[in-house]
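Here are my notes on this one, as numbered points. Have the viewer open while you read.

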There are 4 protein chains.
Amino acid sequence: MQNKLKIINDPVHGFIKIPHEILFDIIEHPYFQRLRRIGQTGLLNLIFPGATHTRFHHALGAMHLMFTALETLKQKGVKISEEEEKGAMLAILMHDIGHGPFSHALESMLMDDWHHENLSLLLMNKLNEEFKGELSTAIEMFQGKYHRKFFNQLISSQLDVDRLDYLKRDSFFTGVSEGNINTQRIISMMNTCEEGELVIDAKGIYSIENFLTARMFMYWQVYYHKTSALAEFLLVKILERAKYLISEGVKLPATENLEYFLYRGKSMATDEDIERFTKLDDNDIIQAMKEWQNSGDFVLSYWCKCVIQRNLPKTVISSHPFNPEIIEEKIKNTNEFFGIDNGEELVHEIKRKLLPYNAEKQPIYLLQKNGKRTRLHESEDQLLSGLLVNKTTRHILMFPRELSR
Amino acid sequence: MQNKLKIINDPVHGFIKIPHEILFDIIEHPYFQRLRRIGQTGLLNLIFPGATHTRFHHALGAMHLMFTALETLKQKGVKISEEEEKGAMLAILMHDIGHGPFSHALESMLMDDWHHENLSLLLMNKLNEEFKGELSTAIEMFQGKYHRKFFNQLISSQLDVDRLDYLKRDSFFTGVSEGNINTQRIISMMNTCEEGELVIDAKGIYSIENFLTARMFMYWQVYYHKTSALAEFLLVKILERAKYLISEGVKLPATENLEYFLYRGKSMATDEDIERFTKLDDNDIIQAMKEWQNSGDFVLSYWCKCVIQRNLPKTVISSHPFNPEIIEEKIKNTNEFFGIDNGEELVHEIKRKLLPYNAEKQPIYLLQKNGKRTRLHESEDQLLSGLLVNKTTRHILMFPRELSR
Amino acid sequence: MQNKLKIINDPVHGFIKIPHEILFDIIEHPYFQRLRRIGQTGLLNLIFPGATHTRFHHALGAMHLMFTALETLKQKGVKISEEEEKGAMLAILMHDIGHGPFSHALESMLMDDWHHENLSLLLMNKLNEEFKGELSTAIEMFQGKYHRKFFNQLISSQLDVDRLDYLKRDSFFTGVSEGNINTQRIISMMNTCEEGELVIDAKGIYSIENFLTARMFMYWQVYYHKTSALAEFLLVKILERAKYLISEGVKLPATENLEYFLYRGKSMATDEDIERFTKLDDNDIIQAMKEWQNSGDFVLSYWCKCVIQRNLPKTVISSHPFNPEIIEEKIKNTNEFFGIDNGEELVHEIKRKLLPYNAEKQPIYLLQKNGKRTRLHESEDQLLSGLLVNKTTRHILMFPRELSR
Amino acid sequence: MQNKLKIINDPVHGFIKIPHEILFDIIEHPYFQRLRRIGQTGLLNLIFPGATHTRFHHALGAMHLMFTALETLKQKGVKISEEEEKGAMLAILMHDIGHGPFSHALESMLMDDWHHENLSLLLMNKLNEEFKGELSTAIEMFQGKYHRKFFNQLISSQLDVDRLDYLKRDSFFTGVSEGNINTQRIISMMNTCEEGELVIDAKGIYSIENFLTARMFMYWQVYYHKTSALAEFLLVKILERAKYLISEGVKLPATENLEYFLYRGKSMATDEDIERFTKLDDNDIIQAMKEWQNSGDFVLSYWCKCVIQRNLPKTVISSHPFNPEIIEEKIKNTNEFFGIDNGEELVHEIKRKLLPYNAEKQPIYLLQKNGKRTRLHESEDQLLSGLLVNKTTRHILMFPRELSR
């Protein structure tokens with residue numbers, strides 16, 4: 001590893017060390033390098049201009065936190081072999097490797113029934129062949145099949161290093177300080193219990209509750225901000241419209257790989273699908289939107305201009321669903337203003353739901369001084385967790401900006 | 001301005017306020033929105049993964065610092081009219097509006113004899129027509145024609161708000177703390193002298209010297225880092241090669257607007273040039289490199305793979321020029337390894353020169369307590385400035401990674 | 001103001017400007033300089049070693065935030081005269097000027113029925129005489145008698161600049177990041193309503209809720225941390241014991257001014273009281289505790305050694321009151337261990353109650369887009385505020401460290 | 001170590017872990033707890049109000065950096081035994097244990113010929129007896145007698161963890177960002193060479209040069225700031241005057257231990273000296289100054305009021321010595337103004353010299369790729385170090401504030 005890069009600058013965590021050569025090999029692989037061209041937060045930079053950070057950087061950050069978490073557990077007496085350390089770091093490094101361009105929403109658009117976690121698994125298996133089985137432990141951990149449960153819980157649970165990194169990183173790059181959690185403190189409170197599961201030392205309870213509220217605020221202030229929700233919605237609408245137009249025989253410019261997916265019907269993933277998918281990134285979509293601004297289809301052209309020139313539709317947010325009559329009127333006005341008859345394409349109600357803490361699925365446990373574990377929201381010391389198990393919903397009405405002038 | 005965005009989140013400066021409607025109108029203009037798709041530091045994110053920030057964000061940050069600087073001057077008794085405030089803020093907001101995709105280096109490649117400052121001026125003039133002369137003061141200030149010199153010095157000098165913002169911003173996003181200057185402190189030391197020029201209160205001398213050394217360190221650690229220099233060099237080589245191949249009749253895929261510039265010969269800028277230029281951004285170049293990886297031309301394909309897959313050539317840095325014999329041998333080995341005869345295309349010596357402080361051009365003045373001004377590097381209190389007027393040069397030898405295995 | 005200090009370095013807010021000469025004169029006054037020797041968080045540095053910051057610094061910080069808040073209101077069209085600006089800044093600058101050494105708890109100990117806000121008012125009035133009435137507006141605002149209510153609300157309410165500064169400052173110096181609120185963001189959301197009261201723009205709701213939860217976490221993690229509660233309790237016990245011993249005729253070393261208060265019986269405040277009080281600071285108490293370590297009284301000596309050598313009693317915290325039998329047993333063991341018969345002096349149950357948000361007293365209002373105001377916890381958009389109106393209690397049992405060995 | 005404190009909050013480095021029980025025992029010892037009452041930067045908080053941090057906190061921070069440095073060296077293959085790790089951490093933890101109240105300057109005043117490093121050694125030896133030889137390795141390392149030189153170099157050299165901590169910490173608490181060095185980066189570049197000495201990997205050269213310039217700026221902006229120099233000078237003058245008055249038979253109030261030292265003549269350190277010294281801290285001095293404000297001696301009273309009420313003398317700074325005639329005139333004016341005849345006591349020229357980098361004493365070495373080491377300032381890659389070997393001097397003239405009115 002003499003001439004290989006060993007330390008990576010990270011404004012969020014300081015410096016990221018790469019302690020094993022196999023990690024470095026994965027980072028160098030084109031599958032992983034592609035993540036440099038996939039934004040972590042999609043079109044959020046339209047609202048928070050600093051949010052141009054990438055999945056590549058997030059994956060490195062999560063790997064760094066995994067390393068820190070394992071160091072902490074070792075210091076508390078948990079035995080962790082080198083093979084396990086490598087496995088856990090590889091698993092989190094690759095957890096997003098199957099992520100397609102932009103938001104999760106586009107996944108279903110481009111690839112029907114695939115989910116990015118399935119794609120990640122598919123790509124991990126391909127890499128495992130290439131690296132002669134060196135990734136097997138990582139894949140087991142990723143799938144939750146490894147016998148020591150806490151590894152999977154560090155990768156995917158209500159308090160995994162994925163969440164710890166993305167909250168802190170998104171807070172850093174957006175400048176929304178409400179999400180600036182103290183990852184160092186939270187990790188220092190991690191432990192394992194007799195059952196081999198991940199737990200939090202009881203005295204860390206407030207840090208965990210703070211993490212849960214920080215996450216809730218980040219959702220409502222950033223990810224589900226009405227304009228963020230709008231931008232993501234537009235992106236889906238644009239791809240949907242493009243696929244529809246193409247199915248109608250309209251010719252639309254697109255890069256070769258994007259075109260392939262726009263024409264592709266519903267079917268199982270083939271090797272060619274995978275191959276082409278690993279060459280797709282945000283640039284293909286942005287380039288397409290730039291060109292589709294000139295499309296003959298009013299709706300497609302309108303949406304693309306909205307995004308590329310950041311001339312976004314108006315939005316109103318509410319805790320209650322909108323009255324259908326209000327929506328009808330907006331559509332009527334839209335038709336009148338533009339002289340069109342499909343105004344319902346330009347007026348939509350978008351819904352966002354959040355369950356701040358899911359006490360059912362991979363819940364958080366506290367380790368009491370007596371060695372027993374308690375569920376966080378049932379602990380007598382909790383201040384807020386018991387209240388965070390309720391779902392909140394917001395409704396966003398979008399309509400053409402021109403109507404409000 | 002009721003429904004317009006008035007505050008923008010900036011992780012670097014906190015919050016950016018937009019105090020005048022005309023500023024908002026310029027920000028909303030497609031010319032300015034294009035800057036969202038032009039990275040501030042080109043391919044530097046290959047070395048510093050956090051450095052994905054954009055010219056858009058930098059321009060807003062510089063505008064914010066201009067506002068702060070003018071507030072400071074007003075508090076010190078300098079009279080500044082609203083027209084002047086608007087002018088100065090507009091000028092710095094638009095100072096990079098003519099920036100093409102990626103590094104300055106590409107400018108000459110795409111547009112021959114144009115420089116991005118000329119292009120900025122050209123676009124400012126077009127906008128001025130559109131906004132019926134509202135930008136006239138800004139343009140005068142930008143060109144240094146406005147009668148009060150300090151406005152131009154805030155826009156473009158050895159200590160302008162452009163530098164203050166980009167140093168702090170690039171330090172923030174790369175994570176290289178050596179460049180984290182205290183802009184608030186430096187600005188609080190700004191003043192004007194009897195001659196109407198920008199000066200620094202004498203007691204701020206160490207903050208200024210710290211700014212100059214921080215800038216020097218940022219150059220050698222970030223901008224002129226051997227791999228940064230390499231990446232920028234490759235980009236130029238790639239476009240050069242593409243233009244050469246096209247001139248030889250080879251057909252290369254490219255977006256319509258990029259193709260236009262690849263085919264364009266040397267000539268004065270036409271209206272079509274300008275129009276097309278304002279639609280070009282980093283995506284056009286990245287998309288081209290992604291596709292040119294499959295080019296039949298070995299050199300073009302090799303360079304593009306280097307960049308897109310981040311499989312970069314090896315580099316060695318030295319304070320002295322490399323011995324020509326060493327270079328010859330590298331070329332010979334390259335030819336042998338790849339079985340080619342134009343190995344000189346793949347082996348290069350890159351040079352970087354830095355003059356940390358140019359005492360001749362728009363130098364920095366200190367305002368003494370007696371009201372007189374002194375040149376910074378001639379002040380009896382200076383600790384380092386007198387030494388920063390000397391140029392330093394570094395030589396970087398690049399050659400195919402395959403040779404070192 | 002030529003030779004006067006105009007800018008003060010503050011690691012929390014950056015730089016603090018002092019825009020009016022009268023502010024500077026108050027800062028220079030010995031009454032205010034005394035605050036340099038009064039810690040902001042008492043003995044908390046025994047638990048958080050960074051928390052050595054002073055009331056002096058806090059008062060400056062709060063003054064700075066007041067300035068920022070007034071600037072924001074002006075930008076939103078609220079007319080504020082220079083006299084009002086000065087008044088509000090003076091009022092917050094002096095709000096703690098009557099603070100005695102260490103915690104609020106000591107106030108009652110040293111000065112019976114006085115409260116530090118009364119003392120602040122008393123000292124303000126004395127200063128007002130000295131400055132020939134220049135502080136009259138400030139005093140009116142401080143007392144809530146000024147006709148425009150929002151000034152008093154900025155000084156003392158559920159969301160005043162006092163709280164904004166102390167939360168952020170205490171978070172900064174303790175290193176407990178959970179309290180690192182975004183004061184800049186919160187202030188940018190401030191406004192006034194038709195009734196002339198302080199309100200928050202509705203879109204700032206999450207920042208306010210985040211502020212309330214941050215405050216709650218700071219209480220339980222820092223101010224009411226079991227060891228913090230213990231240290232504060234010990235301090236009160238020490239002074240109580242000293243007064244008791246003195247009333248019994250025991251001679252205890254103390255500085256002249258401290259001695260005065262230890263001997264003083266219950267009575268109205270005289271001029272001499274005030275005069276001596278303004279010369280008392282943390283040093284008098286620490287010096288006394290250092291010397292009382294050698295007292296012949298076991299209890300006094302024991303407590304003082306606990307504090308000065310940081311050899312603190314053991315504590316257990318619980319959401320429920322402790323069983324009296326457990327307490328009895330601890331006392332019995334204490335008597336046995338030390339061979340004393342007043343073990344009940346060394347075993348105590350301490351109680352801490354928190355109402356995170358008091359919706360009754362100076363509540364927070366949101367300004368809706370329609371110009372109407374809503375109470376925060378009744379807003380349909382609130383996520384948590386409705387839940388923060390409930391009180392939480394914790395019980396802390398303390399007993400000699402020697403028992404647990 | 002079950003019930004012992006294991007993690008300490010540090011706003012500077014995050015969290016400080018205490019990995020060995022003996023470290024914890026030393027921290028708990030009254031000798032070490034005393035450092036909580038000794039400020040790290042003396043009276044600097046008169047100029048930078050945030051600078052109230054303590055030697056206690058600095059010692060913990062330096063211990064933390066030692067731990068990090070040793071971890072880094074281990075990762076680079078340097079073998080370090082647990083005994084060595086403990087030794088190095090103990091040595092740096094205790095390096096300031098012999099520090100007296102306030103500045104180094106007071107040491108000579110109170111204890112004649114002692115230097116705080118000698119006192120530290122004396123106290124370490126006493127502790128070593130108490131801990132039955134467990135500190136022997138630490139003491140060897142502290143004295144430079146341990147056979148592996150790099151341990152001593154980490155404790156005391158041009159680039160030791162003491163300097164790394166105090167620069168970063170003082171920068172943090174003063175708010176002077178120029179000193180905010182990147183300790184994490186610098187430590188990651190540490191290594192050892194064949195000779196067993198501390199070296200820096202060659203590619204870290206700019207971080208080191210940045211550290212040296214940061215240190216230089218901190219000296220001139222903070223430690224040798226003209227008002228800092230003044231405050232430190234006054235402190236010495238006050239103690240000098242007090243000792244003189246006492247030698248003349250004047251009675252001055254002081255705590256018992258301070259009195260002991262004020263009366264003590266020149267002599268070897270006795271056991272009583274040591275015993276009393278370990279009970280002395282900043283409070284004894286501040287309390288004395290508070291009381292000496294009322295002294296009958298004009299000079300003593302004048303100086304004490306200056307400090308306690310922060311009503312400091314005027315200062316002028318210059319790169320050249322002051323003209324004796326100017327000084328004479330100031331003295332004459334002082335005599336006239338106050339109607340005294342010893343005005344020369346109130347007018348002084350203070351001198352501050354700085355050698356930013358001492359290339360002779362424990363210099364910094366770079367480790368070249370070929371395994372050889374080069375002296376930093378002789379490296380061909382250095383940008384500034386060669387220039388930092390020159391001494392700079394500043395002269396500060398102080399005189400009564402009353403003269404300038």
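1. Start at Ile92(D). Leaving aside residues up to four places away in sequence, Ile92(D) touches Ala62(D), Met63(D), Met66(D), Ile155(D), Val161(D) and Asp162(D). Keep in mind throughout that this is a predicted model.

2. Ile92(D) also turns up in the count for the largest nonpolar core, which has 237 residues. The members that touch the most others there are Met66(B), Ile92(B), Met66(D) and Ile92(D). Apart from that core lies another one, of 236 residues, and its members include Leu119(A), Tyr206(A), Met289(A) and Ala214(C). As background, nonpolar side chains in soluble globular proteins tend to be buried together.

3. Over in chain C, have a look at helix 4, residues 82-93. Does the length hold up, or what should twelve residues at 1.5 Å a residue span? The expected span is 16 Å, and the end C-alpha atoms of helix 4 of chain C are 16 Å apart, so the two agree. The buried residues of this helix are Gly87(C), Ala88(C), Met89(C), Leu90(C), Ala91(C), Ile92(C) and Leu93(C). What they pack against is helix 1 (21-28), helix 3 (55-75), helix 7 (136-143), helix 8 (149-155) and helix 9 (161-174) of chain C.

4. Staying with chain C, the loop between helix 6 and helix 7 holds Lys132(C). Its phi is positive, about 55°, although Lys132(C) is not a glycine. Lys132(C) is exposed, because just 8 other C-beta atoms lie within 10 Å, and the cut-off for exposed is 12 or fewer. Glu134(C) lies in the loop between helix 6 (116-130) and helix 7 too. Glu134(C) has 17 C-beta neighbours inside 10 Å, so it counts as partly exposed. From Glu134(C) to Asp96(C) is 38 residues in sequence and 19 Å in space, C-alpha to C-alpha.

5. Now chain A, and a pair to click on. Ser156(A) sits in the loop between helix 8 (149-155) and helix 9 of chain A. Is Ser156(A) buried or exposed? Ser156(A) is buried, because 20 other C-beta atoms lie within 10 Å. The C-alpha atoms of Ser156(A) and Gln362(A) are separated by 8.2 Å, with the two positions 206 residues apart along the chain. Gln362(A) belongs to the loop between strand 6 (348-354) and strand 7 (365-367) of chain A. Gln362(A) is partly exposed, with 17 other C-beta atoms within 10 Å. Another positive phi to check is that of Gln362(A), near 45° in a residue other than glycine.

6. On domains, the assignment for chain A gives domain 1 as 7-94 + 135-223 + 359-389 and domain 2 as 313-355 + 393-405. Taken over C-alpha atoms, the centres of the two domains of chain A are 38 Å apart.

7. Next, the contact between chains A and B. It takes 30 residues from chain A and 30 residues from chain B. On the chain A side, strand 1 (7-10), helix 2 (30-33), helix 3 (55-75), helix 9 (161-174) and helix 15 (282-292) each supply at least two residues. By class, that side has eleven nonpolar, 16 polar and three charged residues.

8. How are chains A and B related? A turn of 180° and a shift of 0.0 Å along the axis lay chain A on chain B with an RMSD of 0.0 Å. That is the relation of a two-fold axis. The same surface serves both copies, as 100% of the contact residues of chain A recur in chain B.

9. For chains B and D, a rotation of 180° with 0.0 Å of shift along its axis superposes one on the other, RMSD 0.0 Å. Here too the same surface serves both copies: 100% of the contact residues of chain B recur in chain D. This contact takes 18 residues from chain B and 18 residues from chain D. Helix 11 (residues 205-223) of chain B gives the largest share of the chain B side, eight residues. That side divides into six nonpolar, nine polar and three charged residues.

10. Last, helix 16 of chain D, residues 298-308. Its buried residues are Leu300(D), Tyr302(D), Trp303(D), Cys304(D), Cys306(D), Val307(D) and Ile308(D). Helix 12 (226-247) and helix 15 (282-292) of chain D are among what covers them. Just after helix 16, Arg310(D) takes a positive phi of about 45°.

Conventions:
Residues numbered from 1 in each chain as written. Chains lettered and ligands numbered in written order. Predicted model: local features only at pLDDT ≥ 70, side-chain atom pairs only at ≥ 80, totals over all residues. Helix = DSSP H or I, 4+ residues; strand = E, 2+ residues; numbered from the N terminus. Contact = placed C-beta atoms within 7 Å. Nonpolar A, V, L, I, M, F, W, Y, C, P; charged D, E, K, R; others polar. Domains from an automatic or database assignment. Core = buried A, V, L, I, M, F, W, Y, C linked by C-beta atoms within 7 Å. Least-squares fit on C-alpha atoms with pLDDT ≥ 70 in both. Expected span 1.5 Å × (residues − 1).
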